[in-house]
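Colleague: Could you take a close look at one part of this model for me, the way the helices pack, and walk me through the neighbouring loops as well?

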Amino acid sequence: MKFLYVTDDDAGNYFTFVDRTVGDALRSETATPEQKSAVLYHTTAALVQATFSRPESPVLIRTNRTVVEHTVDAIASDPALLRTMAATFTLDYSLYTHAVHVATMGTALLLELFGTETRVKDAAMGYLLHDVGKCRVPSQILRKSGILTPMEMKEIERHPEHGVELMRPHDEVTDLAMDIILSHHEKLNGRGYPRRLPPERISVETRICTIVDVYDALTSHRVYKPALRGVEALTFMRDRMYEEIDTGLLKQLIHILGPRNNK
Ligand SMILES: [Fe+2]
Ligand SMILES: [Fe+2]
């Protein structure tokens, strides 16, 4: 594996370069699906990392939109790409790889259900940036491995509102994406946060984000818990979370991930 190190000053140029070239890489007829998915995965994770450190940057948000559009087009033209990408999902959790996992699975699920690509692209921006507000949560709280105090919990629960505040200046983040960022921790039993919304006010795009967000958290290794296998996570969600999540969408997730794809 080769790495490209980019200094802070060069980040704008790097992402302008990514903006132009990631589409060419995905359209390449000589690259294998594994190579294409690796390019997409690592580029997107690096982009998310840069975006978390500079969420105000128009060039970074524009590049997020470009990468999201390429991801949606690539999965739409080859649904099997989800399985290829999911096979490369790392077990080590980072906020940045998590964003890519949520965006990839959320996009695939939405395409499976609706296939209307502009709306899917708008939603996919929300999936990729759903936790961007965590960049305002102190890192010692995010990294804490023990039980969180009520105050620390409150700090973390502010990330959806931080996220919409940070993304408000950017036209590329549409109302649909903003709704996902703000509401992805709402629950269908009305006990979610930050607004304790009733189910009729939680959009299908946001419900999808919630499901893939939980699935990825359960199947990722964290300092305080081992990773569950895919099938264990899906069973846990079906049996223990049926009051909180949309079980119809969960069935669709099981369908698209398929038995081969359990982490
Ligand atoms: Fe979140
Ligand atoms: Fe998340």
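Modeller: Here is the helix packing, followed by the core and the loops.

A bit of housekeeping before that. This is a predicted model, so local features need pLDDT of at least 70 and side-chain atom pairs count only at pLDDT 80 or more, while totals for chains, interfaces and linings use all residues. Residues are numbered from 1 along each chain as its sequence is written, and chains are lettered from A and ligands numbered from 1 in the order in which they are written.

Let's take α2 (residues 33-53) and α3 (residues 58-77), whose axes come within 10 Å and cross at roughly 155 degrees. Helices here are DSSP runs (H or I, at least four residues), numbered from the N terminus. The axes are lines fitted to C-alpha atoms over the stretch in contact, and angles run from 0 to 180 degrees between N-to-C directions. α2 and α3 are therefore roughly antiparallel, a label for angles over 145 degrees. The crossing is left-handed, meaning that the near helix is turned anticlockwise from the far one by less than a right angle. On the α2 side the contact uses Leu40, Thr43, Thr44, Leu47, Ala50 and Thr51, and α3 answers with Leu60, Thr63, Asn64, Val67, Thr71 and Ala74. Contact here means C-beta atoms, placed from the backbone, within 7 Å. By class, that makes 6 nonpolar, 6 polar and no charged residues. For the classes, Ala, Val, Leu, Ile, Met, Phe, Trp, Tyr, Cys and Pro count as nonpolar, Asp, Glu, Lys and Arg as charged, and the others, Gly among them, as polar.

Thr71 also leads to the core, as it is one of the contacts of Ala124, along with Val68, Val72, Ala103, Gly106 and Thr107, leaving aside neighbours within four places in sequence. Ala124, Leu128 and Val212 have the most contacts inside the largest nonpolar core, which has 61 residues. Helix α5 (residues 95-113) gives the most to this core, with 8 residues. Such a core is a set of buried Ala, Val, Leu, Ile, Met, Phe, Trp, Tyr and Cys residues joined through C-beta atoms within 7 Å. Buried means 20 or more other C-beta atoms within 10 Å of a residue's own, exposed means 12 or fewer, and partly exposed is in between, with C-beta atoms placed from the backbone.

Further along, α9 (residues 159-167) and α10 have axes that come within 7 Å and cross at roughly 155 degrees, so this pair is roughly antiparallel too. Pro160, Glu161, Gly163, Val164 and Met167 of α9 meet Met178, Ile181, Leu182 and Ser183 of α10. That contact has 6 nonpolar, 2 polar and 1 charged residues.

After α10 comes the loop to α11 (204-219), which holds Pro194. The peptide bond from Tyr193 to Pro194 is cis, with omega near 10 degrees. Arg196 lies in the loop between α10 and α11 as well, and its phi is near 50 degrees, a positive value in a residue other than glycine. Arg196 counts as exposed because it has 11 C-beta neighbours inside 10 Å.

In the loop between α11 and α12 (230-240) you'll find Tyr224, exposed with 9 C-beta neighbours inside 10 Å. Its C-alpha atom is separated by 34 Å from that of Glu200, 24 residues apart along the chain.

Last up, α12 packs with α13 (residues 247-257) at about 170 degrees, axes 11 Å apart, and is therefore roughly antiparallel to it. Gly230, Leu234, Met237 and Arg238 of α12 touch Thr247, Leu250, Ile254 and Leu257 of α13.

Methods
Helices (H or I, at least four residues) and strands (E, at least two) are DSSP runs, numbered from the N terminus. Two residues are in contact if their C-beta atoms, placed from the backbone, lie within 7 Å. Angles under 35 degrees count as roughly parallel, over 145 as roughly antiparallel, 65 to 115 as roughly perpendicular and the rest as oblique.
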